[in-house]
Amino acid sequence: PRKGRVGQPRRLGPEQLNRLTQFVDQHPDATLEQIHEKLAVSCTTVTIHHTLRRLGYRYKKNAAGQRTRSR
């Protein structure tokens with residue numbers, strides 16, 4: 001069996017991860033596009049989404065928005 005990771009290496013290095021966590025902690029309501037513009041790295045917003053999920057960040061539920069949504 002193969003040992004270690006198979007596939008492409010991660011796009012965001014330790015420096016970018018540090019900047020990402022600092023920005024998200026300071027701006028918790030920022031969108032993925034805003035985070036992508038702030039980081040200025042060559043990756044997609046999907047990569048940022050997956051990285052945030054891996055770091056333990058989740059979407060905040062908005063009960064008021066759920067009530068006003070049309071059916």
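A residue counts as buried when its relative accessible area is under 20%. With that cut-off in mind I looked up the protein as a whole, a predicted model, and noted that 18% of its 71 residues count as buried.

**Entry 1: the elements**

I went through the secondary structure from the N terminus and found the order α-α-α-α, which agrees with the count of 4 helices and 0 strands. I then looked up the contacts between residues at least 6 apart in sequence, and I wrote down that 46% of these join residues at least 24 apart.

**Entry 2: helix 1 against helix 2**

I turned to helix 1, residues 14–26, and helix 2, residues 32–39, whose axes lie 11 Å apart and pack at an angle of about 135°. That angle makes helix 1 oblique to helix 2, and I recorded the crossing of the two as right-handed. On the side of helix 1 the contact is made by Gln16, Arg19, Leu20, Phe23 and Val24, while helix 2 brings Gln34, Ile35, Lys38 and Leu39. Sorting the residues of this contact by character, I noted 5 nonpolar, 2 polar and 2 charged.

**Entry 3: helix 1 against helix 3**

Next I looked up helix 3, residues 45–55, whose axis comes within 12 Å of the axis of helix 1 and crosses that axis at roughly 80°. Helix 1 is therefore roughly perpendicular to helix 3. Leu17, Leu20, Thr21 and Val24 of helix 1 make this contact together with Ile48, Thr51, Leu52, Arg54 and Leu55 of helix 3, and the residues divide into 6 nonpolar, 2 polar and 1 charged.

**Entry 4: the nonpolar core**

I then asked which residues form the largest nonpolar core. I found 12 residues there, namely Leu12, Leu17, Leu20, Phe23, Val24, Ala30, Ile35, Leu39, Val41, Cys43, Ile48 and Leu52. Helix 1, helix 2 and helix 3 each supply at least two residues of this core, and helix 1 gives the most, with 4 residues. I followed Cys43 a little further and, leaving aside its neighbours within four places in sequence, found it in contact with Arg11, Leu12, His36 and Ile48.

**Entry 5: two threonines of helix 3**

Is Thr51 buried or exposed? This residue, which is found in helix 3, has a relative accessible area of 6%, so I entered Thr51 as buried. Not counting residues up to four places away in sequence, Thr51 touches Leu12, Leu17 and Leu20.

Thr47 also lies in helix 3, but I entered Thr47 as partly exposed because its relative accessibility is 23%, and partly exposed covers the range between under 20% and over 50%. I also looked up the separation of Thr47 from Arg10, which is 37 residues away along the chain, and noted 9.1 Å between their C-alpha atoms.

**Entry 6: Ala40**

My last entry concerns Ala40, which is found in the loop between helix 2 and helix 3. Most residues other than glycine have a negative phi. I therefore wrote down with some care that phi of Ala40 is near 55°, a positive value in a residue other than glycine. I also asked how Ala40 counts by its accessibility, and at 64% relative accessibility I entered Ala40 as exposed.

How values were computed
Residues numbered from 1 in each chain as written. Predicted model: local features only at pLDDT ≥ 70, side-chain atom pairs only at ≥ 80, totals over all residues. Heavy atoms only, no water. Axes fitted to C-alpha atoms, helices over the stretch in contact; angles between N-to-C directions. Parallel < 35°, antiparallel > 145°, perpendicular 65-115°, else oblique. Left-handed = near helix turned anticlockwise from the far one by under 90°. Contact = heavy atoms within 4.5 Å. Nonpolar A, V, L, I, M, F, W, Y, C, P; charged D, E, K, R; others polar. Core = buried A, V, L, I, M, F, W, Y, C linked by side-chain atoms within 4.5 Å. Buried < 20%, exposed > 50% of the residue type's maximum accessible area, 1.4 Å probe, protein only.
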